[in-house]
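Colleague: I'm new to reading protein models, and I'd love a close look at one part of this one. Could you walk me through the largest pocket and what sits around it?

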Amino acid sequence: MSAQQSSLDPSDTDTDERWMRQALALADRAQHEFDEIPVGALVVGPEGRLLGEGWNLNIASHDPSAHAEIVAMREAGRALGNHRLVGCTLYVTLEPCAMCAMAIVHARLARLVYAAGDPKTGACGSVFDLLGDPRHNHRVQVTAGVLATEASTRLSNYFRAKRGRPPIAGP
């Protein structure tokens, strides 16, 4: 865990889990409505109001940048009328990739909360730690592992189904 990452603060646990469950529902939507990889994301403002939500749409929209995080941040930016999402928290069911991590920095998000780590392309501590790079002029607080088992099981079962393999039991 990088210096900026934190384990779950008990005062944030209920709130983080509530928002992550909503992100998991968005991941289900990605899978069942669009046959996309089940990743969901949402942006919550500093006062606790939902500002944007999204799920993977890169296949359906023929857009390599339409990851759940980007879709949610675009919607939040429109809601705020600003490309800066100062004081906001991004909840996402999978650790962001390098593209999404840098968008998080550029958006000036205060906090990232993610569920499952990504051992192949994770850029927030797993493979890379772009958010922890001291050369950035903005720091993002990272909380990893909120409902990680649920998110990881969803992702594994999505890929198992694509390969014609039986699902693994969930939490």
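Modeller: Here is a tour that starts with the whole chain, goes to the pocket, and then follows the strands and the core.

Keep in mind that this is a predicted model. The protein chain has four helices and six strands, and if you read along the sequence they come in the pattern β-α-β-β-α-β-α-β-β-α. The radius of gyration is 15 Å, close to the 16 Å that the globule rule gives for 171 residues, so the chain is as compact as a globular protein of that length. Along its principal axes, the C-alpha trace spans about 45 × 30 × 30 Å. Of the 171 residues, 48% count as buried.

Now for the pocket you asked about. The largest pocket holds about 570 Å³ of space. Its lining is made of 22 residues, and Ile37, Leu94, Asp118, Leu155 and Phe159 lie nearest the centre. Sort the lining by class and you get nine nonpolar, seven polar and six charged residues. Which element gives the most to this lining? That's helix H4, residues 148-162, with five residues.

Leu94 is a handy place to step from the pocket into the strands. It lies nearest the pocket's centre along with Ile37, Asp118, Leu155 and Phe159, and it also stands opposite Ala116 in E5. The strands E4 and E5 pair in the parallel sense, over five bridges. Is E5 enclosed or open to the outside? Six of its six residues are buried, so E5 is largely enclosed by the rest of the structure. Just before that strand, in the loop between H3 and E5, you'll find Arg108. Have a look at its backbone: Arg108 has a positive phi of about 65 degrees, although it is not a glycine.

Next, find E2 and E3. These two run antiparallel and are joined by five bridges, with Ala41 standing opposite Gly54 in E3. Their hairpin has five residues between the strands, and there Gly48 takes a positive phi near 90 degrees. The loop between H1 and E2 holds Asp35, another residue that is not a glycine but has a positive phi, this time about 50 degrees. Asp35 has 41% relative accessibility, so it counts as partly exposed.

What about the inside? The largest nonpolar core has 48 residues, and those with the most contacts inside it are Met20, Val43, Met73, Ile104, Leu109, Leu112 and Leu131. Many of the elements on our tour turn up again here: among those that give two or more residues to this core are H1, E2, E3, E4, E5 and H4. Helix H2 (68-80) and helix H3 (98-107) are also on that list.

For a last stop, pick out Gly77, which has its place in helix H2. Gly77 counts as buried because its relative accessibility is 13%, and the cut-off for buried is under 20%. Gly77 and Val43 are 34 residues apart in sequence, yet 9.6 Å apart in space, C-alpha to C-alpha. Val43 is the residue you just met among those with the most contacts inside the core.

Definitions and conventions:
Residues numbered from 1 in each chain as written. Predicted model: local features only at pLDDT ≥ 70, side-chain atom pairs only at ≥ 80, totals over all residues. Heavy atoms only, no water. 1 Å grid on protein atoms, 1.4 Å probe; cavity = no way out; pocket = protein on both sides within 12 Å on 5 of 7 lines; lining within 4 Å. Points joined across faces, edges and corners; volume = space filled by probe spheres on them. Nonpolar A, V, L, I, M, F, W, Y, C, P; charged D, E, K, R; others polar. Core = buried A, V, L, I, M, F, W, Y, C linked by side-chain atoms within 4.5 Å. Buried < 20%, exposed > 50% of the residue type's maximum accessible area, 1.4 Å probe, protein only. Pairing = 2+ DSSP bridges. Rg over C-alpha atoms; globule rule 2.2 N^0.38 Å.
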